[in-house]
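Trainee: I am new to this structure. Can we go through it by question and answer?
Mentor: Yes, ask away.

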Amino acid sequence: ATEASEHDLVIIGGGVAGYVAAIKAGQEGMKVACIEKRGALGGTCLNVGCIPSKSLLNNSHLYHQILHDTKKRGIDVGDVKLNLKQMMAAKNTSVEGLTKGVEFLFKKNKVEYIKGTGAFVGENEVKVNLVDGGEQTLRAKNIIIATGSEATPFPGLTIDEKKVITSTGAIALESVPKKMVVIGGGIIGLEMGSVWSRLGSEVTVVEFLGQIGGPGMDAEISKTTKKILEKQGMKFKLNTKVLEGDASGEGVRLKVEAAKGGKQETLDADVVLVAIGRRPYTAGLGLENIGLEVDNKGRLIIDEQYRTKLPHIRVIGDCTFGPMLAHKAEEEAVACIEYITKGYGHVNYNAIPSVMYTHPEVAWVGQNEAELKEQGIKYKTGSFPFSANSRAKTNLETEGMVKFVADAETDRILGIHIVGPNAGEMIAEGVLALEYGASSEDVGRTSHAHPTLAEAFKEAAMSTYGKAIHY
Ligand code: FAD
Ligand code: NAD
């Protein structure tokens, strides 16, 4: 074997966490290598997550809008047909463009890209099983683990990505299933459920809890969102547990049970989407060779500087603590490199936004009412409906609202929750406000252009410390 090559930093995993850390390290002048096994950079997010799902959400929305929402706007359209193959091709074009873009950024920042599977053979040594055959060993002063996450399987249902699918199958179906049952009414369930519902599937979402949206979504916003999605044709079974599944027949049969009362029922589907959460992925990393352990949820244990108990080995992104979000991974990547090169870094975990890209979008940052109640924090709320916003009315898109939660005494903003048109873009202003410790009055006294949807944001702030003008 050839002698191990020496690096300042070796990163295992070329997802958002790993590739951003690699670029930042390159910018800081480090000799850095990034190991990725899937044959393309960008990880879950670019290849099978954020990007392909948003491509399908965008284009399925267009299709649905052309079918159902143009007549009243004075646009008569003729024969509208779905070309699913082309919709998938459009998705692939976006994915390929972006992953190639990351490769270009690697070259620009002198990051060595190694295609293969990395595993620890020593505390400073990583052996790579190369995609093209052969092996390579890298020695490094610093190592970052950024191996991401995978879908949590449902016990007893074998994933084949055709009939029993995770999100990976849901972005690649070759035909529109007649009936789809989604297990889990979190973000993946609602986003991918929306896509196939718009394209013609009869979609039923089975959710264990009493509300949809997954962890963090405000109860009032969740309720409003559910009503809107129901109007679009999605069906929901809340407070319902899936007991078991059987995929041995032509379709899939699920046995479900109401949480209260225990009434059982059978649901039949052509395709079942398992969307009950994701879990950290560290298989095959050789953690046992260096004595690193994971917690009971499979997360690698780290301190506030992302260090494991071997301080030169750090962990960022989905495979450790915190929300499994691409922009969270990105913040950690930059901070992690700053800890290595400068000794300090910064991520404000209280100001990481969440966005669900349904139509309309749902977005939030900070805490919701239930969380504040649980902590005994006194708060006040203010909200503004899009039905009273001039631009939303102009666009004939008036569903939803903006809601502020602020400290009862100081008026400092504690959380902002939106369901409505462009919520995902609008929340950026909320994140900035929270990051700067703004009060609702700070936002309410800031001029917002007219006529914009953002005026609903301003007026929700006004209604938190005083009164909105238009409602
Ligand atoms: P990953 O992206 O999972 O990357 C880890 C990489 O490491 C993978 O490419 C893997 O192949 C590689 N790897 C693992 N082990 C090894 C090894 N031993 N050697 C070499 N390589 C290895 N987040 C958002 O913020 N917005 C969204 O809209 C959004 N949409 C999503 C939609 C879907 C359907 C899914 C599934 C997720 C979505 N997410 C979204 C979450 C987002 O994808 C993740 O939070 C993000 O990808 C985490 O980045 P990461 O780098 O930690 O992990
Ligand atoms: P999630 O945690 O958002 O939702 C899972 C849902 O499944 C929860 O509501 C839970 O109560 C329910 N559930 C769990 N077990 C169940 C059972 N046996 N029967 C019925 N319901 C059950 O997880 P997800 O939707 O799978 O998403 C995984 C991760 O991917 C999340 O961390 C999410 O942040 C990330 N993601 C983000 C985006 C985005 O930012 N737009 C999009 C997709 C995925």
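**Contacts, ligands and rings**

Mentor: Start with histidine 417: a polar atom of its side chain lies 2.8 Å from the backbone oxygen of glutamine 367. Keep in mind that this is a predicted model.

Trainee: In which strand is the place of histidine 417?
Mentor: We have just met histidine 417 through its side chain, 2.8 Å from the backbone oxygen of glutamine 367. Its place in the chain is a strand covering residues 413–420. That strand is E21.

Trainee: Does histidine 417 count as buried or exposed?
Mentor: Histidine 417 touches residues such as Asp218, Trp364 and Met401, leaving out those up to four places away in sequence. Buried means under 20% relative accessible area. Histidine 417 has 1% relative accessibility, so it counts as buried.

Trainee: Turn to ligand 1. How much of its area does the protein bury?
Mentor: An oxygen atom of ligand 1 is 2.9 Å from a polar backbone atom of alanine 17. A nitrogen atom of ligand 1 is 2.9 Å from a polar backbone atom of glycine 118. Taken alone, ligand 1 exposes 990 Å². Of that, the protein buries 95%.

Trainee: Which element gives the most to the shell around ligand 1?
Mentor: The shell has 37 residues, with Glu36, Thr44, Lys54, Asp318 and Ala326 the closest. By class, they divide into 15 nonpolar, 16 polar and 6 charged. The top contribution is 4 residues, and it comes from H2.

Trainee: And ligand 2: which helix gives the largest share of its shell?
Mentor: Around ligand 2 there are 22 residues, and Ile188, Glu191, Glu207, Gly277 and Val355 come nearest. By class, the shell has 14 nonpolar, 4 polar and 4 charged residues. The largest share is 3 residues, from the helix at residues 187–198, H6.

Trainee: What percentage of the area of ligand 2 does the protein bury?
Mentor: One oxygen contact is with the side chain of glutamate 207, where an N or O atom is 2.6 Å away. An oxygen atom of ligand 2 is also 2.9 Å from a polar backbone atom of isoleucine 188. Taken alone, ligand 2 exposes 850 Å². The protein buries 80%.

Trainee: Now the rings. How many aromatic pairs does a search of the whole structure find?
Mentor: A pair of aromatic rings is described by the distance of the centres and the angle of the planes. Searching the whole structure gives a total of 4.

Trainee: What is the geometry of the pair of phenylalanine 384 and tyrosine 471?
Mentor: The centres are 6.1 Å apart, and the planes make an angle of 75°. Planes over 60 degrees apart count as edge-to-face. So this pair, at 75°, is edge-to-face.

Trainee: Which of these two partners is exposed, phenylalanine 384 or tyrosine 471?
Mentor: The pair links distant parts of the chain, 87 residues apart. Phenylalanine 384, in strand E19, has 1% relative accessibility, so it counts as buried. The other partner has a relative accessible area of 67%, and exposed means over 50%. The exposed partner is tyrosine 471.

Trainee: How many residues apart are phenylalanine 404 and phenylalanine 457?
Mentor: These two form an edge-to-face pair, 5.1 Å centre to centre with 65° between the planes. Both are buried. Phenylalanine 404 is in strand E20 and phenylalanine 457 in helix H13. Along the chain they are 53 residues apart.

Trainee: Next, the backbone. Which residue does a cis peptide bond join to histidine 359?
Mentor: Omega of this bond is about 0°. The partner is found in the loop between strand E17 and strand E18. The partner is proline 360.

Trainee: What is omega for the cis peptide bond of histidine 450 and proline 451?
Mentor: Proline 451 has its place in the loop between helix H12 and H13. For the bond that joins histidine 450 to proline 451, omega is about -5°.

Trainee: Is tyrosine 306 buried or exposed?
Mentor: Tyrosine 306 lies in the loop between strand E15 and strand E16. Its phi is near 70°, a positive value in a residue other than glycine. At 4% relative accessibility, under the 20% limit, it counts as buried.

Conventions. Residues are numbered from 1 along each chain as its sequence is written. Chains are lettered from A and ligands numbered from 1 in the order in which they are written. Side-chain values use heavy atoms; hydrogens and water are left out. A residue is near a molecule or strand if one of its heavy atoms lies within 4 Å of it. A polar contact is a pair of N or O atoms within 3.5 Å; within protein, one must be able to donate a hydrogen and the other to accept it, and residues adjacent in sequence count only if both atoms are side-chain atoms. Accessible areas come from the Shrake-Rupley method with a 1.4 Å probe; for residues, only the protein chains shown count as cover. Helices (H or I, at least four residues) and strands (E, at least two) are DSSP runs, numbered from the N terminus. Ala, Val, Leu, Ile, Met, Phe, Trp, Tyr, Cys and Pro count as nonpolar, Asp, Glu, Lys and Arg as charged, and the others, Gly among them, as polar. Rings of Phe, Tyr and Trp (its six-membered ring) pair if their centres lie within 6.5 Å; planes under 30 degrees apart count as stacked, over 60 as edge-to-face and the rest as tilted. Buried means under 20% relative accessible area, exposed over 50%, partly exposed in between (1.4 Å probe, protein chains only). Contact means heavy atoms within 4.5 Å.
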